[in-house]
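Student: I have just opened this entry and would like to learn how to read it. Could you walk me through it?

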Amino acid sequence: MKYENNLDFALVHDERDVMRAYRSQYQFPQHEGRNMLYFTGNSLGLQPVGVREALMRECDDWEKYGVEGHFLAQHPWYSYHEDLSQPSADLVGALLQEVVIMNQLTVNLNLLLISFYQPQGKRRKILFETKPFPSDQYSFASHAKLHGLNPDDVLVEMQPREGELTLRTEDILSKIDELGEELALVCFGAVNYFTGQFFDIKSITERAHEVGAMAGFDLAHAAGNLPCDFMIGV
Ligand SMILES: Cc1ncc(COP(=O)(O)O)c(C=O)c1O
């Protein structure tokens, strides 16, 4: 397709957009009586139509059953994660038993770092992309401190080349090679929230493993937006 910067081109492609029908399923903030154009790359998207009713249904069940809502609610709270596992597994290309829905992202990242960031000897550095989501970076720093390390010594924020905004895969791979035995963990946002760059997850993971490091990805902006293939299959 050859891109043309004009209204006719935009209207034709809006018309052909396979996602078009989904637009009406979101609430748009209003500006001077019209739907706002909503291009924010931050995490909170538009409110889906039906959210209010869904929340009120849970409140009604809470009112009606109290703690028994865990079992008697229309969507029992006790086992809600089981109902969400298959759809979530589909979104990230994993098996049913490889996913669980729980907590908030940063809580989960902290839990994962406890298990997977185990600095030992020379191997203590964490490599992440330029401008990671701030709370991710704070987690890395907290975990460095938890191990008695100075974040300035162990956090490595990968910078793009002069005059470029995104990172080249070849540069990421050579940075992993360069850090080699000093590298404990590579942790990137699969899609960076700021630039929208979708990283080559497979190559980065393989190279991290080759040098003996762990690899992890924050899927906040990838899950549900882009094809993911996180199946381990064990
Ligand atoms: C890439 C990324 N990481 C982490 C977070 C933090 O998520 P939470 O507020 O669920 O901890 C967000 C969203 O706010 C995000 O977009």
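**Reading the fold and the ligand site**

Tutor: Gladly! Let's begin with contacts across the sequence: among the contacts in the chain with a separation of 6 or more, 61% join residues 24 or more positions apart. Keep in mind that this is a predicted model.

Student: Which secondary structure does the chain have?

Tutor: Count helices and strands separately: the chain has nine helices and eight strands. Its C-alpha trace spans about 60 × 55 × 35 Å along the principal axes.

Student: How much of the chain is buried?

Tutor: A residue counts as buried when its relative accessible area is under 20%. Here that holds for 30% of the 234 residues. The chain exposes about 16000 Å², and carbon and sulfur atoms supply 55% of that area.

Student: Now the ligand, please. Which residues surround it?

Tutor: Look for S43, Q104, L105, T106, F133, S135, D136, D218, A220 and H221. By character, this shell divides into three nonpolar, five polar and two charged residues.

Student: Which side chains have an N or O atom close enough to the ligand for a polar contact?

Tutor: The cut-off is a pair of N or O atoms within 3.5 Å. A ligand oxygen lies 2.4 Å from such an atom in the side chain of T106, and a ligand oxygen is 3.2 Å from one in the side chain of Q104. For D136, the side-chain atom is 3.3 Å from a nitrogen of the ligand.

Student: And how much of the ligand does the protein cover?

Tutor: On its own the ligand has 390 Å² of accessible area, of which the protein covers 80%. Two elements, α5 (105–116) and α6 (134–146), each give two or more residues to the shell.

Terms used. Residues numbered from 1 in each chain as written. Predicted model: local features only at pLDDT ≥ 70, side-chain atom pairs only at ≥ 80, totals over all residues. Heavy atoms only, no water. Near = heavy atom within 4 Å. Polar contact = N/O pair within 3.5 Å; in protein donor to acceptor, adjacent residues only side chain to side chain. Areas by Shrake-Rupley, 256 points an atom, 1.4 Å probe, with all protein chains shown as cover. Helix = DSSP H or I, 4+ residues; strand = E, 2+ residues; numbered from the N terminus. Nonpolar A, V, L, I, M, F, W, Y, C, P; charged D, E, K, R; others polar. Buried < 20%, exposed > 50% of the residue type's maximum accessible area, 1.4 Å probe, protein only. Contact = heavy atoms within 4.5 Å.
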